[in-house]
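Please look at the sequence and the model below, and then follow the paragraphs, which go from the whole chain to single residues.

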Amino acid sequence: MTLLRTVTSAVFLLIFIGFFAANSFAHDLVWPGEKLKALFPQAVSFEQKNLYVSDEQKVSIENALGSRLREEDMKPSIYFALVKANADSPPHKAAAILFIDAIGDGGKIEIGLVVSGKGEMMNIQIFENNESPKITKQAFLRQFEGKKATDPFKVGSDIAAPAGTDKSAQAIASGARRGLLIINEMFRKK
């Protein structure tokens, strides 16, 4: 009887852990086709690459950030937007896409980033969030287009936050810069 209870408890614990993990990082477990198309509508397809941040890359990113990477940032899934020059040409990579989380006033904010081959931000969209709708408006998000990892990404400096959203806006800016640094470091020419 004790062995049966132990086994049953272990099974329930594994189910609970699996459920918690699936809900914590859902964008890593499900193909984000609709989100990818929203971020880069001209793509004919997308290619996923699951990567690991090396110790050397981690140090470089953290030095640039001035803070530590999150555990979930250590295994990024990066998606390449594939486009064709014309109907007969083979597809080629046009941009890298990364989904990254930030924490704002309302909790988790899922951010989708599109980065050019030159390492510049092309597009940013907010997906899951409980923040003010002001931070999802294009007037705010367009500020990130063309930004480089060397830009400050600071509210009040190079980012203007909608009224009453300073903390959420800074969370998005910091998350966007973190994602940009990860993509740039993962594909840096050595």
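In this predicted model, the protein chain holds 6 helices and 5 strands. Read from the N terminus on, these elements follow one another as α-α-α-β-α-β-β-β-β-α-α, and it helps to keep this order in mind while the parts are taken up in turn.

Some values describe the chain as a whole. Of its 190 residues, 41% count as buried, and the accessible surface comes to about 10800 Å², of which 58% belongs to carbon and sulfur atoms. If one takes the contacts between residues at least 6 apart in sequence, 56% of them join residues at least 24 apart.

The strands come next. Strands of a sheet pair through backbone hydrogen bonds, and this pairing may be either parallel or antiparallel. Here the 5 strands form an open sheet in the order β1-β2-β3-β4-β5, with antiparallel pairing. At its edges are β1, residues 45–50, and β5, residues 121–126, each of which pairs on one side only. From one strand to the next, the twist averages 25°.

Within this sheet, β2 and β3 pair in the antiparallel sense over 6 bridges, and one pair of residues to look for is F80 with its bridge partner A96 in β3. Strand β3, residues 92–104, also pairs in the antiparallel sense with strand β4, residues 107–115, this time over 9 bridges. β3 and β4 form a hairpin, with 2 residues between them. In this pairing G104 stands opposite G107 in β4, while I100 has I111 of β4 as its bridge partner.

Is Y79, which has its place in strand β2, buried or exposed? Y79 counts as buried because its relative accessibility is 2%, and the cut-off for this word is under 20%. The C-alpha atom of Y79 is separated by 9.7 Å from that of P32, although the two residues are 47 apart along the chain.

From the sheet we can pass to the helices. Helix α6 lies across β2 (77–83), β3, β4 and β5, and runs at about 140° to β3. α6 also meets another helix, α4. Two packed helices are described by the angle between their axes and the distance between the axes. For helix α4, residues 55–65, and helix α6, residues 166–186, the axes come within 10 Å and cross at roughly 145°, and the crossing is right-handed. On the α4 side the residues that take part are Q57, S60, I61, A64 and L65, and they meet R177, R178, L181, I182, E185 and M186 in α6. Sorted by class, this contact has 6 nonpolar, 2 polar and 3 charged residues.

A last place to visit is the loop between α5 (138–141) and α6, where F153 is found. Most residues other than glycine have a negative phi. What is the phi of F153, a residue other than glycine? The phi of F153 is near 55°, which is a positive value. F153 also counts as buried, because its relative accessibility is 1%.

Methods:
Residues numbered from 1 in each chain as written. Predicted model: local features only at pLDDT ≥ 70, side-chain atom pairs only at ≥ 80, totals over all residues. Heavy atoms only, no water. Axes fitted to C-alpha atoms, helices over the stretch in contact; angles between N-to-C directions. Helix = DSSP H or I, 4+ residues; strand = E, 2+ residues; numbered from the N terminus. Left-handed = near helix turned anticlockwise from the far one by under 90°. Contact = heavy atoms within 4.5 Å. Nonpolar A, V, L, I, M, F, W, Y, C, P; charged D, E, K, R; others polar. Buried < 20%, exposed > 50% of the residue type's maximum accessible area, 1.4 Å probe, protein only. Areas by Shrake-Rupley, 256 points an atom, 1.4 Å probe, with all protein chains shown as cover. Pairing = 2+ DSSP bridges.
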